[in-house]
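Morning, everyone. I'd like to take you through one protein model, with the cysteines as our main thread. Here it is.

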Amino acid sequence: MTKSRLSALLALAMAASPLASAEPTTSPLPGQLPERVAPSKHCMDTRAVREMNQVSDTSVSLRAADLSTWRVTFKENCPGVTYAANPRIVGDDSWVCGTGKERVLLDDSECGIASVQRITPREFAVEARQADRAKLPMLAAVNVKEEKRTLRGSPSYCFDTRNVRGYGDDIKGFVVQTNAKRSGGHSKYVVEVGANCRSIVRSPEIQFRSGFGTSMICGNPGDVVVVNDPVNYPPFAEDYFLDRNEGLRKADIGVGDRCDVLAVYPAG
């Protein structure tokens with residue numbers, strides 16, 4: 001996460017509630033804020049916003065303290081919200097319901113809010129990924145003498161294989177269980193795979209491999225799931241595989257089909 005986005009998030013969290021203190025440096029985890037009754041089910045609680053992204057001048061996507069995901073659309077173009085030093089969302093008792101009276105206050109301007117709507121974790125992950133990529137600096141051509149793999153990803157659209165505890169299938173699709181404390185508060189991630197991966201659910205062991213040679217799986221080019229089939233494939237060198245019941249372990253086992261990872265996002 002860039003410094004500018006972190007500053008914007010902290011400012012939002014502090015401004016949204018009159019009881020906010022200047023001392024905390026992170027937003028409260030779900031369950032730490034007292035429960036409130038929303039004016040309607042279409043209203044977003046803007047206290048302690050955990051994450052904000054902007055990929056369009058007309059809207060921002062937000063993750064609330066309870067990990068719900070939303071899109072706030074402006075009445076007119078409002079660029080640079082995440083770069084503002086002190087952005088504030090103004091609404092009745094910190095609720096944003098799209099009444100037409102709410103607004104975002106920036107350093108020297110303000111933007112009226114036209115509407116607010118819930119979005120899926122997948123939609124939020126896509127925008128978070130686009131926002132991070134848009135902030136990558138464009139460098140002049142250089143001569144590369146040594147290859148270094150330094151790509152990192154956000155918990156909004158990536159999980160670290162070192163924090164995976166198990167995998168399986170549920171109503172949301174193929175999911176992996178992670179350590180929530182090390183994954184931005186997310187305990188499950190949906191992993192969308194290509195049509196070549198029908199055997200993934202019944203496989204006793206799988207392995208994730210990043211196309212960038214890191215421990216992060218984000219749906220980047222080259223990210224795959226390797227399905228183990230010890231019966232039909234010869235032994236392979238020692239490697240790390242995820243056992244359905246035992247978690248991550250090391251063993252001499254066979255390597256089977258490779259399944260493309262198309263997208264990753266919190267299960268919600």
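I'll go through the disulfides, then the cores, then one helix.

Keep in mind that this is a predicted model.

Disulfides to start. How many are there by the sulfur-distance rule? The count comes to three.

Take Cys43 and Cys97. Their sulfur atoms sit 2.0 Å apart. The angle about the S-S bond is 115°, and this link is right-handed. Where do the two ends lie? Cys43 is in the loop between α1 and β1, and Cys97 is in the loop between β6 and β7, so the disulfide ties together parts 54 residues apart in sequence. Burial next. Cys43 has 6% relative accessibility, so it counts as buried. Cys97 has 22%, so it counts as partly exposed. The cut-off for buried is under 20%.

Next pair: Cys78 and Cys111. Here the sulfur atoms are 1.9 Å apart. This link is right-handed too, with 85° about the S-S bond. Cys78 sits in the loop between β4 and β5, while Cys111 belongs to strand β8. That joins distant parts of the chain, 33 residues apart. Both Cys78 and Cys111 are buried.

And the remaining pair: Cys158 with Cys218. Sulfur to sulfur, that is 2.0 Å. The torsion about the S-S bond is about 115°, so this disulfide is right-handed. Cys158 lies in the loop between α2 and β9, and Cys218 in the loop between β14 and β15, so parts 60 residues apart in sequence are tied together. Cys158 and Cys218 are both buried.

Now the cores. Which residues have the most contacts inside the largest nonpolar core? They are Leu62, Phe74 and Val81, in a core of 19 residues. Strands β3, β4 and β8 each give two or more residues to this core. Look at Phe74 for a moment. Leaving aside residues up to four places away in sequence, Phe74 touches Val60, Val81, Val104 and Ile113, among others. Its contacts also include Cys111, the cysteine that pairs with Cys78. Apart from the largest core lies another, of 17 residues. Among them are Tyr189, Val191, Val227 and Val261.

Last stop: helix α2, residues 121-134. How does its span compare with what we should expect? At 1.5 Å a residue, its 14 residues should span 20 Å, and the end C-alpha atoms are 20 Å apart, which agrees. Several α2 residues are buried, including Phe124, Glu127, Arg129 and Asp132. Alanines are on that list as well: Ala125, Ala128 and Ala131.

That's the tour. Over to you.

Terms used:
Residues are numbered from 1 along each chain as its sequence is written. This is a predicted model: local features need pLDDT of at least 70, side-chain atom pairs count only at pLDDT 80 or more; totals for chains, interfaces and linings use all residues. Side-chain values use heavy atoms; hydrogens and water are left out. A nonpolar core is a set of buried Ala, Val, Leu, Ile, Met, Phe, Trp, Tyr and Cys residues joined through side-chain atoms within 4.5 Å. Buried means under 20% relative accessible area, exposed over 50%, partly exposed in between (1.4 Å probe, protein chains only). Helices (H or I, at least four residues) and strands (E, at least two) are DSSP runs, numbered from the N terminus. Contact means heavy atoms within 4.5 Å. The expected span of a helix is 1.5 Å times one less than its number of residues. A disulfide is a pair of cysteine sulfur atoms within 2.5 Å.
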